[in-house]
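This report covers aromatic side chains and one loop residue. Keep the sequence and the structure in view while reading.

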Amino acid sequence: MNKTLSRLTSLAVMLVMLISIVPFKAYAEGENVPDIKITDYTKPEGKLETGQFFVLKGTITSEEPIKKVVAGIYYRNGVASQEIISEVNDTKFDIKTIDSDIHFGILPEGLYCYQVVATDNQNNYVRLVYSEFQVGEPDTESEIKTENTSFPSEVMQYGKSFKINCSIVSVQPLYKVCAYIYNSDDSEIWRTAKYSVNNKNYTFSGNDIFDVAELDEGTYTYKLVAEDYNGYNATLEKLNFEVKKTDDSDSDIKISGAVVPSGVLRQGTYFNLRGNITSKYKLKTINSKIISKSDNTVLQHSTFSPDSTSFNVFPDIDYSMVFNKLNTGKYTYLIDAEDEKGYKATIVESDFEIGKSNVLAGDANIDGKIDIADVVAVSGYVSDSENNFLQPVGIKNGDVQNSGNGLNASDALMIQQYIANIIETLE
């Protein structure tokens, strides 16, 4: 009974996904149905051998000029394996013109569908061809399960990381694997997603962890789901766990005197990192990263193993991060650390931007704007430069009065006059 329900559910999901490939527009009786047709066409049906070629033919005609034709090979869950989008602007389109761009011979064993959809310049769209076929001798059943699993226990210690350990195997190639953590009101607070797996098995790597250090004390739900290319979905694990502090979670990793990038930095500008990282227990690892906010790619990464309760950001981390090589764009700078007890903490997380703007006169703290904070920065540097660090570009920005003679009290006064609109420019 359960297997029958599972199959029915799978078929329902497949139907929804297939319909979602192309929006469907219904025309009531009496309405003007768009006159878009296809004649003399070929379509793959039944079984193709692995490596077998197939020639696509067909002529699409329309009373209105055809705006677009979309043709392709799709998995049964609606995901495109190969898809060609042709802009037409004519009342006739020959499928043969795209035949060379759709390759049946490279398809691995599996279940597929071929589809052709046309849209005219009135935005009427019609699915002209839909045909299911298979390549080789794929299994038609769907089943996904886990092996060698290790998941959160009922009680997890606050401040310690946990590594997901499991292998996922499937009868059909896997399309997507996702692991989630939800809090008590079912809000998603953590996720690792693996899309386009395109394999019958997947093993979580050592990087697939969640840090209980980032979770407050409370009750959470862990969920692991997977989907294959037939549209079959399976919830592989769903369990509740609690995060609690114990006497062992008394680690304390922190940073003092931190100088990290923020605001807008000029492209090609050097940036000097500063700060002292301390911990109750010996620091095991410290990671420094620059991450692109556009796609979460780690652009620069360095790892250190202090084996000490303190670690100075200068010179090691400072020298390893090359800010003047970054292109224009938005970034996040991170420092995370782990001590010998397994406690992990993100001690720096700062967003900044690399812009093409010239040096901004008056912007001593290089946050991309001119305000009273720049006056304070200049005054502090003039009175005690060792304990009131300024970046080289900040010193240059702040040197506005008789530029070139170095920072002094007159520069702070001139910036203050500019903020108060007593003077019109700092250039």
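A charge counts as sitting over a ring if NZ of Lys or CZ of Arg is within 6 Å of the ring centre and within 35 degrees of the ring normal. R127 and Y130 fit that description: the charged end of R127 sits over the ring of Y130, 4.8 Å from its centre. Bear in mind that this is a predicted model.

**Aromatic pairs**

Searching the whole structure turns up 15 aromatic pairs. In one pair, F314 and Y319, the ring centres are 5.6 Å apart and the planes stand at 80 degrees, so the pair is edge-to-face. Planes over 60 degrees apart earn that label. How exposed is each partner, by relative accessible area? The table gives the values, with T140 added from the loop discussed below.

| Residue | Relative accessible area | Class |
|---|---|---|
| F314 | 34% | partly exposed |
| Y319 | 60% | exposed |
| T140 | 55% | exposed |

Ring pairs also build a cluster. Its members are F54, Y75, F104, Y112, Y114, F133, Y175 and Y229.

**The loop residue T140**

Where does T140 lie? T140 is in the loop between β6 (125-135) and β7 (144-150). T140 is exposed, at 55% relative accessible area. Yet T140 has contacts beyond its sequence neighbours. Leaving out residues up to four places away in sequence, T140 touches L111, Q172 and N230. Take Q172: T140 and Q172 are 32 residues apart in sequence, but their C-alpha atoms are 7.9 Å apart in space.

Conventions. Residues are numbered from 1 along each chain as its sequence is written. This is a predicted model: local features need pLDDT of at least 70, side-chain atom pairs count only at pLDDT 80 or more; totals for chains, interfaces and linings use all residues. Side-chain values use heavy atoms; hydrogens and water are left out. Rings of Phe, Tyr and Trp (its six-membered ring) pair if their centres lie within 6.5 Å; planes under 30 degrees apart count as stacked, over 60 as edge-to-face and the rest as tilted. Buried means under 20% relative accessible area, exposed over 50%, partly exposed in between (1.4 Å probe, protein chains only). Helices (H or I, at least four residues) and strands (E, at least two) are DSSP runs, numbered from the N terminus. Contact means heavy atoms within 4.5 Å.
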